[in-house]
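Colleague: Could you take me through this structure step by step? I should like to begin with the ligands.

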Amino acid sequence: MAKPVSIEVWNPSGKYRVISTKPMPGTRWIRLLTDQDCRVEICTLKNTILSVEDILALIGDRCDGVIGQLTEDWGEVLFSALSRAGGRAFSNMAVGYNNVDVEAANKYGVAVGNTPGVLTETTAELAASLSLAAARRIVEADEFMRAGLYDGWLPNLFVGNLLKGQTVGVIGAGRIGSAYARMMVEGFKMNLIYYDLYQATRLEKFVTAYGQFLKANGEQPVTWKRASSMDEVLQEADVISLHPILDKTTYHLINKERLSNMKKEAILINCSRGPVVDEVALVEHLKVNPMFRVGLDVFEDEPHMKPGLADMKNAVVVPHIASASKWTREGMATLAALNVLGKIKGYPVWSNPNNVEPFLNENSPPPAASPSIVNAKAIGLTASKL
Ligand SMILES: NC(=O)C1=CN([C@@H]2O[C@H](COP(=O)(O)OP(=O)(O)OC[C@H]3O[C@@H](n4cnc5c(N)ncnc54)[C@H](O)[C@@H]3O)[C@@H](O)[C@H]2O)C=CC1
Ligand SMILES: O=C(O)C(=O)CO
């Protein structure tokens, strides 16, 4: 078993042993735990992705709770080890929890926390940034400048796509998808088409009201449409952004056939999870359709890219940084710590995980509740009455 070589300890005499598998931004999350009698151990191993063996060694013989990362494989082995060590609390420092086997956690009565809400706008802003970068060929143009190739303005230099009046397509109009849609509709006066299993009523109302505002001011109103199939979105939209969760229903949602249904000059953005897109098919599509552009924050085999992707000029690629604003990352750490603390202290679960603001206010103590536990019902946790 690999031995963790490097641990930072806070409040060594604390009663509850809480492990964070990575250093996380800010110090509030540490303070919130140590103030409540937790001994906090932060793994400072240099390897970016911890193996199951690394984490087993961290858990050891006694552990009350773990804050983990989306890069880790939280399944039967780790949950049984945590349970043997007396722990019943785990939280991902992420909203997505496709790296967690929730059934296995249920089996051992371990609560699984996640961090919704605090990263909605930050992630949507990165999706909007990638949309613009792809539409206006910003990365290609930047490389051109740095290479000293610019020798004067030309009518045909780096001509891209105008967004105004075009159609933005959103697949998965939940928290992040809806925030992105609003940015693109309001910011660039794009029309919206979306596909989700559920109706996005608030989003529809927003676009309707904004359309009325534009009309009243003598401008072309924006419109919205809820598509009855994903293919309708792919065929009609000029910019398509993917925001569903990753599960069996969304694995390779975008494949060779679906790519071929999209417009030849469309832009595809993925800030959800890599396996939502068949990346091999995407590379082939980019090769034969030079006007098709893509903006990717996530990859099928992270941290690797499929062969050929790095050579594609029509791809903008960034290393899974969509939630990487200081406020959001500190907030994610706080929510993850409070999920673990809440379970350890026997607090109820916050009744509305979409409203996590009360936990993020630095000037007042957080509510005595776990902000978001995804398997609360399955393991019989009660909901907060607050
Ligand atoms: N790149 C990054 O750094 C980040 C990525 N994410 C990813 O974004 C995902 C979404 O996050 P939220 O918006 O907060 O979650 P959410 O639960 O509010 O939204 C997900 C939406 O996807 C829809 N959906 C589920 N299955 C679908 C299907 N088969 N077809 C169409 N729609 C489907 C759901 O109905 C829901 O409206 C996370 O699960 C995570 O994987 C989240 C934050 C940052
Ligand atoms: O929260 C998530 O799901 C991420 O991907 C990282 O912010």
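Modeller: One definition is needed beforehand: Ala, Val, Leu, Ile, Met, Phe, Trp, Tyr, Cys and Pro count as nonpolar, Asp, Glu, Lys and Arg as charged, and the others, Gly among them, as polar. With these classes, the shell around ligand 2 consists of five nonpolar, three polar and one charged residues. Please keep in mind that this is a predicted model.

Colleague: Which residues surround ligand 2?

Modeller: The residues around ligand 2 are L70, A94, V95, G96, L119, R273, H320, S323 and M332.

Colleague: What lies 2.7 Å from an oxygen atom of ligand 2?

Modeller: That is an N or O atom in the side chain of R273. H320 also has a polar side-chain atom 2.8 Å from an oxygen atom of ligand 2. From G96, a backbone N or O atom lies 2.9 Å from an oxygen atom of this ligand.

Colleague: How much of the accessible area of ligand 2 does the protein cover?

Modeller: Ligand 2 on its own has 230 Å² of accessible area, and the protein covers 90% of that.

Colleague: Now the other ligand. How many residues surround ligand 1, and which are the closest?

Modeller: Ligand 1 is surrounded by 26 residues, of which R175, I176, D196, C271 and D297 are the closest. By class, its shell holds twelve nonpolar, ten polar and four charged residues.

Colleague: Which polar contacts does ligand 1 have with R175 and C271?

Modeller: For R175, a backbone N or O atom lies 2.9 Å from an oxygen atom of ligand 1. For C271, a backbone N or O atom lies 3.0 Å from a nitrogen atom of ligand 1.

Colleague: And where does R273 stand with respect to ligand 1?

Modeller: A polar side-chain atom of R273 is 3.4 Å from an oxygen atom of ligand 1. The protein covers 89% of the 870 Å² of accessible area that ligand 1 has on its own.

Colleague: Let us change topic. Which residues touch the most other members of the largest nonpolar core?

Modeller: That core has 66 residues, and those touching the most other members are W29, L33, I67, V168, Y180, L192 and V239. Helix α12, residues 326-345, gives the most to this core, namely nine residues.

Colleague: What does L192 touch, leaving out residues up to four places away in sequence?

Modeller: L192 touches V168, V170, A181, V185, L203, V207, T223, W224 and K225. Apart from the largest core lies another core, of 29 residues, including V233, I254, L259 and A315.

Key:
Residues numbered from 1 in each chain as written. Chains lettered and ligands numbered in written order. Predicted model: local features only at pLDDT ≥ 70, side-chain atom pairs only at ≥ 80, totals over all residues. Heavy atoms only, no water. Core = buried A, V, L, I, M, F, W, Y, C linked by side-chain atoms within 4.5 Å. Buried < 20%, exposed > 50% of the residue type's maximum accessible area, 1.4 Å probe, protein only. Helix = DSSP H or I, 4+ residues; strand = E, 2+ residues; numbered from the N terminus. Contact = heavy atoms within 4.5 Å. Near = heavy atom within 4 Å. Polar contact = N/O pair within 3.5 Å; in protein donor to acceptor, adjacent residues only side chain to side chain. Areas by Shrake-Rupley, 256 points an atom, 1.4 Å probe, with all protein chains shown as cover.
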